[in-house]
Amino acid sequence: MKLSQFRFKLPDEQIALYPPHRVFNNEDGTVERIYQRDRCRLMVVHRKSQAIDLWQKDAKGNDTTEPIVFRDIVNYFHEGDTFIFNDTKVFPARLFGTKEKTDAQIEVFLLRELNEELRLWDVLVEPARKIRIGNKLFFDGEGPMVAEVIDNTTSRGRTLRFLYDCPHDEFKRELFSLGTAPLPRYIVERRPADADDTENFQTIFAANEGAVTAPSTGLHFSRELLKIMEIRGLNKAFITLHCSLGAFDAIEVEDLTKHKMNSEQMIIGHEACKIVNQSKLDGNKVCVVGASTARATESAVGTDGLLKEYDGWTNRFIFPPYEFGLADAMVVNFYHPESTMMMSTAAFAGYDLCIKAYELALKNDFKFGCYGDAMLILDD
């Protein structure tokens with residue numbers, strides 16, 4: 001397929017800057033938001049019938065004027081069906097420091113720790129043209145946090161050595177206390193991250209630290225919704241894929257077969273395989289939650305259609321035409337034009353049906369991005 005086949009105009013007003021919420025204006029003039037993770041809109045796409053549902057049905061099966069909301073997802077599954085979640089945990093990766101001598105403000109985006117003992121980190125810096133080997137950056141915190149640039153890795157990439165003499169655990173706590181939630185660029189260009197984002201940009205089941213962006217579809221699941229799923233006998237399986245910025249890298253080739261994804265670390269353990277495979281063997285549905293989860297499970301599914309244990313890295317790039325080996329259903333967000341996540345959606349739904357769904361989303365004011373609305377794709 002071609003990159004241009006995933007190009008469309010996304011109006012700014014349809015990019016979600018906050019999760020679903022209610023707004024209250026306080027007497028002192030401040031605005032308070034009450035967030036409701038599971039109250040975004042949900043579009044339901046049926047692969048075989050090619051039907052697309054946006055509205056709740058009445059007793060006669062006719063559309064009402066009430067939209068389907070995310071919490072309604074449980075109505076499309078039965079006892080014994082299994083959801084696979086990505087339990088990676090986002091760390092506060094975006095920091096702001098000042099450059100020595102000039103006091104220029106520099107954004108430092110932490111990617112991964114390279115050496116624990118030497119305090120070496122792989123980072124991105126902005127504006128990169130101002131940062132050279134040998135420069136020092138100073139960060140405001142409880143202690144004197146200083147970093148020295150010791151290498152250029154890419155046009156924006158640098159290796160930093162943090163000069164902070166203390167036990168590693170204390171260093172990490174201090175470093176992360178300086179950071180903010182690593183919201184995508186399309187949000188922070190429109191508003192700064194705030195204290196609420198620390199909680200909102202993290203799934204409620206996050207467990208294993210290592211992601212620099214959230215597995216965004218998982219953000220829609222609230223504690224109440226997970227409890228409803230448990231009561232209805234729906235299974236939950238947790239795998240880990242540490243989401244990197246690779247999914248947001250611009251694709252620079254028209255021929256998608258020539259695009260190379262960055263590798264991401266993933267772990268699929270025995271317990272997840274046991275839950276998922278039993279569900280498959282019993283003839284129940286398996287639903288992957290998000291493009292990152294789909295990438296992980298497709299990297300570990302066997303030719304027998306069962307999930308295998310895995311501890312390593314994956315650079316799997318899923319785009320149509322592609323035959324999924326494991327999932328019977330998939331829930332995803334509405335993604336930006338020309339994004340790899342949109343391509344994964346099209347691979348599961350089928351390109352034509354995916355484009356039709358996106359056109360309906362644009363027409364009906366669905367919200368796009370990590371805090372936006374969601375799409376459930378069913379194999380019926």
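# A chat about helix 7 and beyond

Visitor: Let's start with helix 7. How many of the ten residues of helix 7 are buried?
Guide: Ten of the ten residues in helix 7, which covers residues 340-349, are buried, so this helix is largely enclosed by the rest of the structure. Keep in mind that we're looking at a predicted model.

Visitor: Which residues of helix 7 are the buried ones?
Guide: They run from Thr340 through Met341, Met342, Met343, Ser344, Thr345, Ala346, Ala347 and Phe348 to Ala349.

Visitor: And what do those buried residues pack against?
Guide: Two helices and two strands: helix 6 (291-300) and helix 8 (351-363), plus strand 20 (329-333) and strand 21 (374-378).

Visitor: What's going on just after helix 7?
Guide: Gly350 sits there, with a positive phi of about 100°.

Visitor: OK, and the loop between strand 20 and helix 7, which residue is found there?
Guide: Glu338 is one residue in that loop. Phi of Glu338 is near 60°, a positive value even though Glu338 isn't a glycine. With a relative accessible area of 24%, Glu338 counts as partly exposed.

Visitor: Why point out the positive phi?
Guide: Most residues other than glycine have a negative phi. Asp103 goes against that pattern too, as a non-glycine with a positive phi of about 60°. Asp103 lies in the loop between strand 9 (94-99) and strand 10 (105-115).

Visitor: Is Asp103 buried or exposed?
Guide: Asp103 counts as exposed, because its relative accessibility is 59% and the cut-off for exposed is over 50%.

Visitor: Let's switch to prolines. Which peptide bond leading into Pro127 is cis?
Guide: The bond from Glu126 to Pro127, with omega near 0°. Pro127 has its place in the loop between strand 11 (120-126) and strand 12 (136-139). The bond from Pro320 to Pro321 is cis as well, with omega near -5°, and Pro321 is in the loop between strand 19 (310-314) and strand 20. For background, most peptide bonds are trans.

Visitor: Now Glu264. Where does it lie, and is Glu264 buried or exposed?
Guide: Glu264 belongs to strand 17 (residues 264-268). It is buried, with a relative accessible area of 2%.

Visitor: Which side chain makes a polar contact with the side chain of Glu264?
Guide: That's Arg295, at 2.7 Å. Apart from neighbours within four places in sequence, Glu264 is also in contact with residues including Leu241, His242, Trp313 and Thr314.

Visitor: What about Val212? Where is that?
Guide: Val212 lies in the loop between strand 15 (208-211) and helix 4 (223-231). Despite the loop setting, Val212 counts as buried, at 2% relative accessibility.

Visitor: What does Val212 touch?
Guide: Leaving out residues up to four places away in sequence, Val212 touches, among others, Val90, Phe91, Phe109, Pro182 and Cys243. Its C-alpha atom is 7.6 Å from that of Pro92, a residue 120 places away along the chain.

Visitor: Zooming out, how many helices and strands are in the chain?
Guide: Eight helices and 21 strands. Of the 380 residues, 53% are buried. Among contacts between residues at least 6 apart in sequence, 70% join residues at least 24 apart.

Visitor: And what radius of gyration does the chain have?
Guide: It has 22 Å, which agrees with a compact globule of 380 residues, expected near 21 Å. The C-alpha atoms fill a box of roughly 70 × 60 × 45 Å along the principal axes.

Terms used
Residues are numbered from 1 along each chain as its sequence is written. This is a predicted model: local features need pLDDT of at least 70, side-chain atom pairs count only at pLDDT 80 or more; totals for chains, interfaces and linings use all residues. Side-chain values use heavy atoms; hydrogens and water are left out. Helices (H or I, at least four residues) and strands (E, at least two) are DSSP runs, numbered from the N terminus. Buried means under 20% relative accessible area, exposed over 50%, partly exposed in between (1.4 Å probe, protein chains only). A polar contact is a pair of N or O atoms within 3.5 Å; within protein, one must be able to donate a hydrogen and the other to accept it, and residues adjacent in sequence count only if both atoms are side-chain atoms. Contact means heavy atoms within 4.5 Å. The radius of gyration is taken over C-alpha atoms; the globule rule is 2.2 Å times the number of residues to the power 0.38.
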